Amino acid sequence: MNRTIRRILPSSRQLSNRGRNLVGSCTVRASLNVTRQTSSRQFTQSVIRPISFQGIFGGKDKSSEENKLVLEQDNLFHILSESPLPEMRDRASIINKYGVCPVCDTHAKDEQHKKKPVFDCPDCGYPTHCSKEHYEQGKEAHHQEVCSILREINEDDHDLRSGRPMREFEFPSAQGFDEAVNMGNWDVFFYTRSFPSMDSDRSMRHVSKLLTYPLTIASVLHQSSPYKYGEQVTTEGMRSIAALRTILYPHNQVSNDAQTQLRTDTINVYLVGARAEATLPPHIWLQLAYLFPATPFHIHFIGPDALGNNQEPHTNSVNERLSFTYDNAMYHDYHEKIPKFDPYTDLFFMFSPGIGHADARNSWKKSIEKTLETKCPIFITGYDEADMKNDIEAVEQDYAGEFDWVLKPSVNEFRSLKRDVNLLDLRQSIFANYGIWGIRGKRYDVVHDPENND
């Protein structure tokens, strides 16, 4: 399976050339001892992965609302260090303090001679090099590889904070029972789900950044899933998905009236190692519930980053069809709180968990062992093909013979179209939930063989 991953999955650069690349604000977490491999430029998810949407959706006081800055659409590009927005200036400061000059990184013989990037590229607005001399020296490579990406990120992030009415975030409410939604890709989903018209690639990037988490889940469960049996979905995968769909699509629907529609059992979605997804506003997750009008959902956000500082584990509900539990326990501890698991109603998602990273591999083992014990499907995303390959190799080595494939490694049709950039090394950027794959704890069939029985 590992040998075919690169053939199955196009590279991030190929996706860039397809036209809808996005770059988004990224909260830097992290270990500053990042290993920088100049040739492959691999990086850990703990550094680049976005861990919070609170910068966009956090509360604002009335005075700031009344006096908020409005940037016109023809005034979105700014040198970060001179931006009218404090958050963007802070981003420049982080890069100045912890970033890397690519010329120094390539040519300096030791760390002492590597200087921090303080020279602002006039074309992308980011501090990219330690001096004008090094900027001129590395200008060709910079413009070929990352300058246009960084400029897009720059303008996108200023647009998000510009104060303009964000019409693209006016999402549709509940759908009728007789309405058909196509989950083939972002475009047809937005059209068949009656989203506001996306009149620009920037709007597509903004919306996909928010909805990639609930819609990645929905795309696996939905009857019009882009993942087909015999192609991406295995025989064992079809068994697991079919079991869940018996709950999601009950056959006893006797009316198109939502008031008289019978409710099904609750689907439990366990988000193990939850981070950015745990900070999404509840109405974002409603878009998952709306796609399955007969079914209540309970989303479990589990992991050390699932709660903010000074928050206690808790459960709350948006309505009778959507509830949330937040718990900062490790999953193998949270597992013991659940009386039983049912493959018809329970599934797991791990969004870019970094299972294969050396510093995280051992800490994941107990939790993965517990998820495999449930025999419920486990879906895992990665931020690029190398990240997925790394995680798959770790799972195949550590749990050989203990799992069946559910979903072959595939490009996620509902990946974020907006890039996240690593502020510690601007040459590195990713698409959140770029790829997806799935496994399940192995089921052993009992064979009746009386001749060999004692």
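# Exercises on a predicted model

G382 has G435 in β13 as its bridge partner. The model is predicted, so local features need pLDDT of at least 70 and side-chain atom pairs pLDDT 80 or more, whereas totals for chains, interfaces and linings use all residues. Residues are numbered from 1 along each chain as its sequence is written, and side-chain values use heavy atoms, without hydrogens and water.

**Exercise 1.** State in which sense β9 and β13 pair, and over how many bridges.

*Solution.* Step 1: strands are DSSP runs of E with at least two residues, helices runs of H or I with at least four, both numbered from the N terminus. Step 2: two strands pair if DSSP finds at least two bridges between them. Step 3: β9 (residues 378–382) and β13 (residues 435–441) have 5 bridges and pair in the antiparallel sense.

**Exercise 2.** Give the order of the strands in the open sheet and find its edges.

*Solution.* Step 1: the 8 strands follow the order β6-β7-β5-β4-β8-β9-β13-β10, with mixed pairing. Step 2: β6 (314–319) and β10 (403–411) each have a single partner strand, so one side of each lacks a neighbour in the sheet and they stand at the edges. Step 3: with direction ignored, neighbouring strands are turned by 20 degrees against each other on average.

**Exercise 3.** Name the strands that helix α11 lies across, and those that helix α13 touches.

*Solution.* Step 1: a contact means heavy atoms within 4.5 Å. Step 2: angles run from 0 to 180 degrees between N-to-C directions, with axes fitted to C-alpha atoms, for helices over the stretch in contact. Step 3: α11 (residues 201–221) lies across β4, β5, β8, β9 and β13, at about 135 degrees to β8. Step 4: α13 (residues 282–290) touches β4, β5, β6 and β7, and makes about 125 degrees with β7.

**Exercise 4.** Check the span of helix α12.

*Solution.* Step 1: the expected span is 1.5 Å times one less than the number of residues. Step 2: for the 14 residues of α12 (residues 235–248) this should be 20 Å. Step 3: the end C-alpha atoms are 20 Å apart, which agrees.

**Exercise 5.** Explain why C101 and C104 form no disulfide with C130.

*Solution.* Step 1: a disulfide is a pair of cysteine sulfur atoms within 2.5 Å. Step 2: the closest cysteine sulfur to that of C101 is in C130, at 3.8 Å, too far for a bond. Step 3: from the sulfur of C104, the closest is also in C130, at 3.7 Å, again too far. Step 4: the count is 0 disulfides.
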